[in-house]
Amino acid sequence: QPSENLFITFVLGGPGSGKGTQCGKIVETFGYSHISAGELLRREIASKSADGTMILNRIKEGKIVPSEVTVKLILREMESGSNSKFLIDGFPRNDENRRAFEEIVGVEPEIVLFFDCPDEEMVKRVLNRNQGRVDDNYDTVVKRLKVFKKHNLPVINYYANKGKLHKIDAVGTEDKIFERVRPIFASMRR
Ligand code: UP5
Ligand code: MG
């Protein structure tokens, strides 16, 4: 599988910033495959795999799961279909994640999206979601925000310095936000 043919977008932003919601719209309009790292990890917990308990304990605390686990799941998902255009949602969360992906998958992203949203808005959205996620409670969302600032913002800065970052104001209606996202992909000839 020639890695030169891959076209990768990383979708980053704090908890509840709207990554998953906007990925759905990008998929509908531009034919990407959506891979949510968090969703893959939650599926591992549900399937009672060997790593499930460790993953659950990390997620409950808002902590980052070790790269080897997450990258393996992402790679397996990428290889399961024939699409070469991927939106990777909620990953990489730290520098170790980023390096592991580059090393194992052998490519860098073409595009990095950053959904920029105020803390109060993110907390409100997460607490209103009501889909039974073990990490959607006040104490855990505060931890997720701290981890995001300490570990994920440096990755976002790394891509800003590489000229790959597209920072999007994530406040407004879902459709309004997609109007900010659309031109980024519309101008790509892939
Ligand atoms: N909503 C969406 N857009 C809105 C808008 N414009 N206005 C008002 N409401 C809006 O949206 C969140 C909620 O807000 C929804 O109810 C939505 O309807 C509404 P969503 O699109 O789900 O936001 P998203 O950014 O995807 O929020 P999510 O909670 O999924 O983000 P996290 O980054 O916290 O969660 P993720 O699933 O990526 O990770 C969970 C945990 O897994 C991490 O904390 C970590 O412990 C672990 N993890 C790793 O260890 N490694 C990884 O690589 C990935 C995850
Ligand atoms: Mg999500």
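Helices and strands are here DSSP runs, of at least four residues for a helix and at least two for a strand, numbered from the N terminus. In these terms, Pro 92 lies in the loop between β3 (85-89) and α5 (95-105), and the peptide bond that leads from Phe 91 to Pro 92 is cis, with omega near 0°. The model under description is a predicted one. A further backbone feature is found at Lys 48, a residue of the loop between α2 and α3, where phi is near 55°, a positive value in a residue other than glycine.

The space taken by ligand 1 is the largest pocket, for which a volume of about 1100 Å³ was computed. The lining of this pocket comprises 46 residues, and those that lie nearest its centre are Lys 19, Arg 42, Arg 129, Arg 133 and Arg 144. When the lining is sorted by class, 16 residues are nonpolar, 18 are polar and twelve are charged. At least two lining residues are supplied by each of α1, β2 (33-36), α2, α3 (52-60), α6, α7 (138-161) and α8, and α2 gives the most, with six residues.

Around ligand 1 itself there are 30 residues, of which Thr 21, Lys 63, Val 65, Arg 129 and Arg 144 come nearest. This shell divides into eight nonpolar, twelve polar and ten charged residues. The elements that each supply at least two residues of the shell are α1 (19-30), α2 (37-46), α6 (119-129) and α8 (174-186); the largest share, four residues, comes from α2, the helix that also gives the most to the lining of the largest pocket.

Individual polar contacts of the ligand involve both side chains and backbone. An oxygen atom of ligand 1 is placed 2.7 Å from an N or O atom in the side chain of Arg 93, and for the side chain of Arg 129 an N or O atom is likewise 2.7 Å from an oxygen atom of the ligand. Arg 129 is also among the residues nearest the centre of the largest pocket. At Ser 17, by contrast, the partner is a polar backbone atom, which lies 3.3 Å from an oxygen atom of ligand 1. Of the 1000 Å² of accessible area that ligand 1 has on its own, the protein covers 87%.

Methods: Residues numbered from 1 in each chain as written. Chains lettered and ligands numbered in written order. Predicted model: local features only at pLDDT ≥ 70, side-chain atom pairs only at ≥ 80, totals over all residues. Heavy atoms only, no water. Near = heavy atom within 4 Å. Polar contact = N/O pair within 3.5 Å; in protein donor to acceptor, adjacent residues only side chain to side chain. Areas by Shrake-Rupley, 256 points an atom, 1.4 Å probe, with all protein chains shown as cover. 1 Å grid on protein atoms, 1.4 Å probe; cavity = no way out; pocket = protein on both sides within 12 Å on 5 of 7 lines; lining within 4 Å. Sits in = over half its atoms within 2 Å of the grid points. Nonpolar A, V, L, I, M, F, W, Y, C, P; charged D, E, K, R; others polar. Points joined across faces, edges and corners; volume = space filled by probe spheres on them.
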